[in-house]
Structure formats: C-alpha cells, structure tokens
Amino acid sequence: MEIAPATVRGVLASLRADHGYRALMSVHGVDYYPQEPRLGVHYELLDMERVDRLTVKLRVPLAEPSVESVTPDWPTADHQEREVYDMFGVIFEGHPDLRRILMPEDYEGHPQRRDFPIGGEPVLFTHNDATSPGWTR
Amino acid sequence: MMSVVAARVDIARFGWEAFRASPRQADLLILSGRVSIKMAPVVRRIYDQMLEPKWAIAMGACSSSMGVFNNYAIVPADKFMPIDVHVPGCPPRPEALMHGILKLRKMIQDDPDMGWRERYDAEGTEEVLEGAEPAGA
C-alpha cells in the first residue's frame, strides 16, 4: 500500500493497533531514479497470527528527503533507518542517533543511489601491477 | 585455511600449526577475505602490533585484487599494508595456500630480511629501546 510520507507513523500505529500487524520486519530504501519523487522507503510488516505480510511504501523527493522516524514506536527501525540513511540519504526526523552504519562516518555520497558509481579498483594483472597504487607506490 | 591445518595438507609438518590469538606472538599474518574501508585501519593496527620479523600473506582473490566484490566498499590489502605473497583463488585451495606459504619460506631462506625496509621505504622505522643500539646501523 502506498501512503503519503507525512502520515507514516500514524498509519503504522493504526496497522498495529487495529489490524494486528505487530512486527516491523524491515525498512527498505529504494531509488526510482528517472521517476520523481525519487527516493522511496518501504516498511515490511508482519502479522504473526495470520501470517500475513504487508508492505507500506512511500516516496520522497530528493530535494526534501525527510521522513518521520518510526523508531520511538518500533525499536527495530533504529539500525534499519540508519542503513537507509547511509545508502540512500533519506533523513529520518526524530531518529535518536542518525549516522552512517555501513560506510565510514566521514564518507561522502550515498552508495545505493542509481547515479552513484560502482567504484572499485582496476583489475590487477602483471602488466599494470607496477602502475597501480599500493602501499609503497 | 582450516584444511591447511588438517590431516591431508598439514602445516604441522613444519611446525606452523600454532595459530595465535594475539598479534604480539605471531610471525605471519594471513589476511583472508575482503577488507572493507571501515576495517582497513583496524587490520593495519593489528599488523603494526606484530613484532618484527613479520610477514603477511594475502589469501584469496578479494584481498589481493578486489575479486568478485569490485565496488565502493572494500579496499585491496596492498593499499594499506605490505604484503609479501598473494595467494589467488576464490576460495584458494589448501594446496594453493600451502604453496604460498612455502614460497614465502623460500623467499625468507634466500634473503632473510628480504630487503623489507628498502622495498617499503621504511628506513628509520626500527623500534629502538632506550640504551640499545639499532640493529645493523
């Protein structure tokens, strides 16, 4: 189901209270690059009694990538929202400790966006071994 | 690496089966697996804590060149620490690791200090206790 970004905490709370989706399994980030609004956040909810899963999706534009954090209600979202922030740059308002979790703290850029280069090193062969940067070169 | 200490390919023949938990008691660091950007200073610190003479083997394709994971998150071992022998493979066969260790042994037998300090431009990095004289100076 698709919702507006401003309503996420209320919607998740009502899904837990009225419909029985008591477990937040994961929070995902998505980059819909050519389409606007570009960044998305998906919340996977699980109803353990009926074994029913539900995905709550929302989209935010890159210019204003802020979503209210659901961490006060769902503590599992703490690390997961940090990962979405690290990889996509979605800023979660009200998150107790929003910093990078996978990349180094001073890393620049958000790697899982579609316009971020894959990176890596050129493949080392004997012919380019002497010119590739290393500990001594 | 576990089968290198097992029965078929047996490094206990040479007396090398003692894997130590502390870098202070080790002579050889076998860096197996991929090193992320966040982990590289930690590995470097462990290598620095080893006492001389010390050697390092980069085991596997991911630590020498980037291997399968040629992306933004990991760094080849050559960029942050001196490596003496690279063992390719994903994963390396136990015989390949054994060959790498024996090759290192031959390199050490031929030239005991292996020109370490000239190769890595590390002159002046000998640790000298107060009152003692630097070795070979």
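Q: pLDDT is the predictor's confidence in each residue, from 0 to 100; in which helix of chain B is confidence lowest?
A: This is a predicted model, in which local features need pLDDT of at least 70 and side-chain atom pairs count only at pLDDT 80 or more, while totals for chains, interfaces and linings use all residues. Residues are numbered from 1 along each chain as its sequence is written, and chains are lettered from A and ligands numbered from 1 in the order in which they are written. Helices (H or I, at least four residues) and strands (E, at least two) are DSSP runs, numbered from the N terminus. Within chain B, confidence is highest in helix α1 (residues 40–49), at a mean of 92, and lowest, at a mean of 68, in helix α4 (residues 116–119) of chain B.

Q: What percentage of the residues of chain B reach a pLDDT of 70 or more?
A: Where pLDDT is low, the predicted coordinates should not be read in detail. Chain B has a mean pLDDT of 83, and the share of its residues that reach 70 or more is 87%.

Q: How many residues of the side of chain A that touches chain B are nonpolar?
A: The contact takes 16 residues from chain B and 12 residues from chain A, where two residues are in contact if their C-beta atoms, placed from the backbone, lie within 7 Å. Ala, Val, Leu, Ile, Met, Phe, Trp, Tyr, Cys and Pro count as nonpolar, Asp, Glu, Lys and Arg as charged, and the others, Gly among them, as polar. On the side of chain A, one residue is charged, four are polar, and the number that are nonpolar is seven.

Q: What is the radius of gyration of chain A, and what does the globule rule give?
A: Chain A has two helices and five strands, which follow one another from the N terminus as α-β-β-β-β-α-β. Chain A is more spread out than a compact globule, because its radius of gyration is well over the value that the globule rule gives for 137 residues. The radius is taken over C-alpha atoms, and the rule is 2.2 Å times the number of residues to the power 0.38. The two values are 19 Å and 14 Å.

Q: Which element gives the largest share of the largest nonpolar core?
A: A nonpolar core is a set of buried Ala, Val, Leu, Ile, Met, Phe, Trp, Tyr and Cys residues joined through C-beta atoms within 7 Å, and a residue is buried if 20 or more other C-beta atoms lie within 10 Å of its own, exposed if 12 or fewer, and partly exposed in between. The largest core has 22 residues, and those touching the most other members include Leu31(B), Ile57(B) and Met59(B). Among the elements that give two or more residues are β1 (28–32), β2 (55–59) and α3 (94–110) of chain B, and the largest share, five residues, comes from β2(B).

Q: Which residue of β2(B) is the bridge partner of Leu31(B)?
A: Five of the five residues of β2(B) are buried, so this strand is largely enclosed by the rest of the structure. Trp55(B), Ile57(B) and Met59(B) point one way from the strand, and Ala56(B) and Ala58(B) the other way. Strands pair if DSSP finds at least two bridges between them, and β1(B) and β2(B) pair in the parallel sense over five bridges. In β2(B), the partner of Leu31(B) is Ala58(B).

Q: Is Ile91(A) buried or partly exposed?
A: Ile91(A) lies in strand β5 (residues 91–93) of chain A, and beyond four places in sequence it touches Pro65(A), Ser66(A) and Tyr85(A). Because Ile91(A) has 15 C-beta neighbours inside 10 Å, it counts as partly exposed.
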